[in-house]
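Ready for a few exercises? Take a look at the structure below, then work through each task and its solution.

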Amino acid sequence: VTTSLAEDLTRLVGDPAQVNDGESARRLHGDPYVGIERASLPDAVVYPTTTAEVSAIVAYAAQRSIAVTAYGAGTSAEGMTIPREGGITLNLTRLETIEVRPESLQATVGAGVTRSALNRAAGEHGLQFPVDPGADATLGGMTATNASGTTAVRYGAMRQNVLELEVVLADGTTVRTGSRTVKTSAGYNLTHLFVGSEGTLGVICSVTVRLYGIPEHVIAARAAFATLEAASACATALIAAGVSVQRVELLDAGTLAAMNAYKGLDVPLVPHLFLELAGTRESAEAELGEAREIAEASGVRGWETATAHAERRRLWEARHEVLFAMEHAHPGATCKGTDTCVPLGELPGAIAHSRRVMEEAGFPAYIIGHVGDGNYHAMFMVDPADGAQMARQKAAEAEIVHDCLARHGTSTGETGVGISKMGHVAAEHADLLPLMRAVKTMLDPSGILNPGKIFEP
Ligand SMILES: Cc1cc2nc3c(=O)[nH]c(=O)nc-3n(C[C@H](O)[C@H](O)[C@H](O)COP(=O)(O)OP(=O)(O)OC[C@H]3O[C@@H](n4cnc5c(N)ncnc54)[C@H](O)[C@@H]3O)c2cc1C
């Protein structure tokens with residue numbers, strides 16, 4: 001008797017409600033991504049609730065060479081969750097256990113726990129998990145993409161914050177990597193190999209992360225500059241002086257216009273740095289004073305601070321929604337962005353170069369960035385139906401990446417590779433691709449885990 005994939009999966013997890021091969025669930029987990037022609041759908045979506053279930057599903061898929069794509073909140077930006085070979089999409093959002101160990105400043109969470117859910121649990125102990133990609137992603141997805149965001153300048157990316165992982169390997173075996181210590185020298189660092197592996201080397205079932213105290217006092221400031229280069233040079237000077245900023249974000253005048261219109265704000269339309277300083281009242285105010293002095297030496301034209309929670313929240317909420325503000329300003333257009341990251345000293349030059357490329361491209365584009373890390377996005381608003389425009393955007397993007405690599409930078413500082421940045425990684429790491437492929441083959445000999453991502457097989 002032959003059984004369907006959905007029937008087999010139901011047998012493995014026990015509950016038919018955990019399996020869905022209906023059209024809408026499959027579409028939800030495999031929607032096409034702009035500029036990627038080979039979009040495809042999974043044959044079935046399964047929602048495991050335990051590591052044992054994940055292990056049984058992956059072992060089953062390995063025996064039959066069925067592709068398995070891990071899926072968290074689906075907020076990743078590079079087409080990473082598109083199941084290029086169909087097969088099984090493992091929706092991990094029901095792995096939702098949370099154990100906070102406040103005395104060790106740690107939490108161990110199921111891969112499906114969201115950043116906001118972890119912060120609610122940690123907040124009960126006066127603690128926070130600060131890695132903040134803007135979207136309410138899952139800890140499994142954030143680990144798999146080495147996510148970061150506005151606070152990485154102070155707390156680092158996921159790689160700096162993950163201590164231990166529970167991972168199901170491509171044959172269904174479960175392993176633990178790392179330990180619940182803030183340092184270890186016990187052999188190869190496989191934790192860091194799985195962080196950022198985009199579901200291609202194993203399925204992460206649980207993650208132990210560091211937690212931090214919630215700062216007593218937080219101050220937001222916005223600093224206006226005549227040029228983007230002056231603003232980015234100020235960010236570099238702040239970091240070089242050791243000012244302990246919690247966030248330092250660059251926004252160009254166009255972004256502010258879109259943001260003002262979308263959120264009803266009235267930020268002056270010149271390049272800005274949005275800053276956040278945090279600590280005790282005394283330390284935050286001292287850092288603020290130092291930041292202001294450096295901004296003045298960098299030619300700041302305007303300076304506003306906000307300590308009230310509502311006011312700060314409004315500013316950062318606006319920052320986090322700039323993507324939606326840009327799309328709102330250009331109905332029908334889609335945003336295609338770069339994610340380059342350069343050594344800090346190269347930042348003003350790289351930004352000046354990107355700005356020139358964007359002006360020459362001849363369609364709307366914006367620059368925003370987590371400039372304290374040297375990471376910024378050139379965001380092009382393109383009409384996905386206009387082939388010529390898509391080709392021009394691609395050429396402009398390649399030019400920006402080329403310049404960034406010449407400055408010893410990286411083609412993706414935070415969002416990862418997926419499908420859309422594979423060409424950039426091939427350019428950046430041509431000498432390493434054979435080694436990356438060898439690692440993939442060793443850990444996933446049949447190539448079932450999220451095939452066709454990071455590099456072509
Ligand atoms: C408005 C907006 C702003 C954003 N800003 C940022 C930003 O500032 N910085 C940043 O880094 N990112 C940003 N992102 C991208 C996104 O939020 C991150 O990539 C996030 O880490 C993805 O998490 P997710 O749970 O949505 O994962 P998904 O999108 O579901 O999956 C992402 C990848 O991880 C794999 N994966 C998921 N879960 C697991 C698991 N348990 N085990 C193994 N592999 C797994 C998937 O197969 C896929 O390859 C932004 C996205 C949006 C929509």
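**Exercise 1.** Work out how α9 passes α14: is the crossing right-handed or left-handed?

*Solution.* Start with the handedness: α9 passes α14 in a right-handed crossing (right-handed if the near helix is turned clockwise from the far one by less than a right angle, left-handed if anticlockwise). Helices here are DSSP runs of H or I with at least four residues, strands are E runs of at least two, and both are numbered from the N terminus. Next, the geometry: the axes of α9 (residues 228-240) and α14 come within 8 Å and cross at roughly 155°. Axes are lines fitted to C-alpha atoms over the stretch in contact, with angles from 0 to 180 degrees between N-to-C directions. Angles over 145 degrees count as roughly antiparallel, so α9 and α14 are roughly antiparallel to each other.

A quick word on the model: it's predicted, so local features need pLDDT of at least 70 and side-chain atom pairs pLDDT 80 or more, while totals for chains, interfaces and linings use all residues. Residues are numbered from 1 along each chain as its sequence is written, and side-chain values use heavy atoms, leaving out hydrogens and water.

**Exercise 2.** Now describe how α14 and α15 cross.

*Solution.* First, the axes of α14 (residues 347-361) and α15 (residues 387-406) come within 10 Å and cross at roughly 165°. That makes α14 roughly antiparallel to α15. Finally, the crossing of α14 and α15 is right-handed.

**Exercise 3.** Which residues come nearest to the ligand, and which polar contacts can you find there?

*Solution.* Step one: there are 33 residues around the ligand (a heavy atom within 4 Å), and Ala70, Gly72, Thr75, Ser76 and Pro133 come nearest. Step two: look for polar contacts, meaning pairs of N or O atoms within 3.5 Å. A backbone N or O atom of Gly72 sits 2.7 Å from a ligand oxygen, and a polar backbone atom of Pro133 is 2.5 Å from a ligand nitrogen. Thr138 uses a side-chain N or O atom, 2.7 Å from an oxygen atom of the ligand.

**Exercise 4.** Which helix gives the largest share of the shell around the ligand?

*Solution.* That's α5, with 5 residues.

How values were computed. Polar contact = N/O pair within 3.5 Å; in protein donor to acceptor, adjacent residues only side chain to side chain. Parallel < 35°, antiparallel > 145°, perpendicular 65-115°, else oblique.
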